[in-house]
Amino acid sequence: MAGITLAQAETQLAAYLAAETAVLKSQRYELAGRMLTRADLKEIRSGIEVWDARVKNLSRQAAGRSRSRTIVAGG
């Protein structure tokens, strides 16, 4: 994932979200008696998950929190 900036990850996430919206509006259609599918919604949603995770990770890194930590007080 080296070399990908937060802005690039946000752009990719936005593109996948736009693709999902477009597909949801007209996933399948019939033309000359043949049923056609525009795109694979499952793959688009997988891409959304990937880019959402990258955006969140890069945002944490930019804020100086590369990992979440749990501290338990007690003896």
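This report walks through a helix, a hairpin and a few side-chain details. The model is predicted.

**Helix α2**

Helix α2 covers residues 41-62. Its 22 residues should span 32 Å at 1.5 Å a residue, and the end C-alpha atoms lie 31 Å apart, so the two values agree.

Just where α2 starts, D40 comes into play: one of its side-chain oxygens reaches to within 3.0 Å of the backbone nitrogen of K42. After α2 comes G64, with a positive phi near 85°.

Which residues of α2 are buried? They are L41, I44, G47, I48, W51, V55, N57 and L58. These buried residues pack against α1, which covers residues 6-25.

**The hairpin**

Strands β1 (residues 28-31) and β2 (residues 34-37) pair in the antiparallel sense. The pairing runs over 4 bridges. In one of them, E30 has M35 of β2 as its partner. Between the strands of this hairpin there are 2 residues. A32 takes a positive phi in the hairpin, near 55°.

Two residues with positive phi have now been named, and the table sets them out.

| Residue | Place | Phi |
|---|---|---|
| A32 | hairpin of β1 and β2 | near 55° |
| G64 | follows α2 | near 85° |

**Rings and charge**

How many aromatic pairs does a search of the whole structure find? The count is 0. W51 does have a charged group over its ring: the charged end of R54 sits there, 4.6 Å from the ring centre. W51 is also among the buried residues of α2.

Notes: Residues numbered from 1 in each chain as written. Predicted model: local features only at pLDDT ≥ 70, side-chain atom pairs only at ≥ 80, totals over all residues. Heavy atoms only, no water. Expected span 1.5 Å × (residues − 1). Buried < 20%, exposed > 50% of the residue type's maximum accessible area, 1.4 Å probe, protein only. Contact = heavy atoms within 4.5 Å. Polar contact = N/O pair within 3.5 Å; in protein donor to acceptor, adjacent residues only side chain to side chain. Pairing = 2+ DSSP bridges. Phe/Tyr/Trp six-rings, centres within 6.5 Å; stacked < 30°, edge-to-face > 60°. Lys NZ or Arg CZ within 6 Å of the ring centre and 35° of its normal.
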